[in-house]
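Me: Please pick a single part of this model and take me through it closely, residue by residue where that helps. I would like one connected account that I can follow with the picture open beside me.

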Amino acid sequence: MMSKGKRIVEVLADENPDAILYDGMDDALIGIYRGDLARQDMQDSAIAIYSYIKFIELYIEEGMSEEEAVECFDFNVAGGYIGIYQPIVIDDTGV
């Protein structure tokens, strides 16, 4: 059976081949946003949605401490702009 992340990658490839995905983070994918993000150039484009918690868990599985994982996420993911089809990361910490 195909994982949820792999299914999301396939759907995005079909619906919006320009959608940006984070390398090695398919297991953190939780869904697809379809719609207008208040940007004329993105109207009705499918964009990847990731889980913050799963992102951190994957970094920890790679050998980082929790503090290192959060710092890596803050610097490399949250702190950057990578294009108009940049993924959304949901803060699912419950805070």
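Reply: Happy to! One cut-off first: a residue counts as exposed when its relative accessible area is over 50%, as buried when it is under 20%, and as partly exposed in between. Please keep in mind that this is a predicted model.

The part I have chosen is the loop between α1 and β1, where Pro-17 is found. Pro-17 has a relative accessibility of 63%, and because exposed means over 50%, Pro-17 counts as exposed. For a sense of distance, the C-alpha atoms of Pro-17 and Gly-80 are 21 Å apart in space, with their positions 63 residues apart in sequence.

Further along, Asp-27 lies in this loop too, which runs between α1 (4–15) and β1 (29–35). Asp-27 also counts as exposed, at 53% relative accessibility. Asp-27 belongs to a surface patch of negative charge, where it gathers with Glu-57, Glu-61, Glu-62, Asp-91 and Asp-92.

Its sequence neighbour makes a nice contrast: Asp-26 is buried, with a relative accessible area of 18%. Asp-26 forms a salt bridge with Lys-6, and their closest N and O atoms are 3.0 Å apart. This pair links distant parts of the chain, with Asp-26 in the loop and Lys-6 in helix α1, 20 residues apart. Lys-6 itself is partly exposed, at 44% relative accessible area.

Helix α1 also holds Arg-7, which is partly exposed at 40%. From C-alpha to C-alpha, Arg-7 and Asp-26 are 9.5 Å apart in space, and they are 19 residues apart in sequence.

The structure has 2 salt bridges by the rule used here. Besides the Asp-26 pair, there is one between Glu-15 and Arg-34, whose closest N and O atoms are 2.8 Å apart. Glu-15 is in helix α1 and Arg-34 in strand β1, so this bridge ties together parts that are 19 residues apart in sequence. Glu-15 is partly exposed, with a relative accessible area of 40%.

Now for the aromatic side of the loop. Across the whole structure there are 6 aromatic pairs. One of them joins Tyr-22 and Phe-55, which meet edge-to-face with 5.4 Å between ring centres and 80° between the planes. Tyr-22 sits in our loop and Phe-55 in helix α2 (residues 52–61), so this pair links parts of the chain that are distant, 33 residues apart. Both Tyr-22 and Phe-55 are buried.

From Phe-55 the trail goes on. The ring centres of Phe-55 and Phe-73 are 5.3 Å apart and their planes meet at 70°, so this pair is edge-to-face. With Phe-55 in helix α2 and Phe-73 in helix α3 (residues 66–78), the contact ties together parts 18 residues apart in sequence. Phe-73 is buried, as is Phe-55. These rings are members of one aromatic cluster made of Tyr-22, Tyr-50, Tyr-52, Phe-55, Tyr-59 and Phe-73.

To draw the loop together, start with its exposed residues Pro-17 and Asp-27. Its buried residues include Asp-26 and Tyr-22. Asp-26 is joined to Lys-6 by a salt bridge, while Tyr-22 pairs with Phe-55.

Methods: Residues numbered from 1 in each chain as written. Predicted model: local features only at pLDDT ≥ 70, side-chain atom pairs only at ≥ 80, totals over all residues. Heavy atoms only, no water. Patch = residues over 30% accessible without salt bridge, like charges linked within 9 Å, V, L, I, M, F, W, Y side chains within 5 Å. Areas by Shrake-Rupley, 256 points an atom, 1.4 Å probe, with all protein chains shown as cover. Salt bridge = Lys/Arg side-chain N within 4 Å of Asp/Glu carboxyl O. Lys, Arg positive; Asp, Glu negative; His and termini not counted. Charge placed at Lys NZ, Arg CZ, Asp CG, Glu CD. Helix = DSSP H or I, 4+ residues; strand = E, 2+ residues; numbered from the N terminus. Buried < 20%, exposed > 50% of the residue type's maximum accessible area, 1.4 Å probe, protein only. Phe/Tyr/Trp six-rings, centres within 6.5 Å; stacked < 30°, edge-to-face > 60°.
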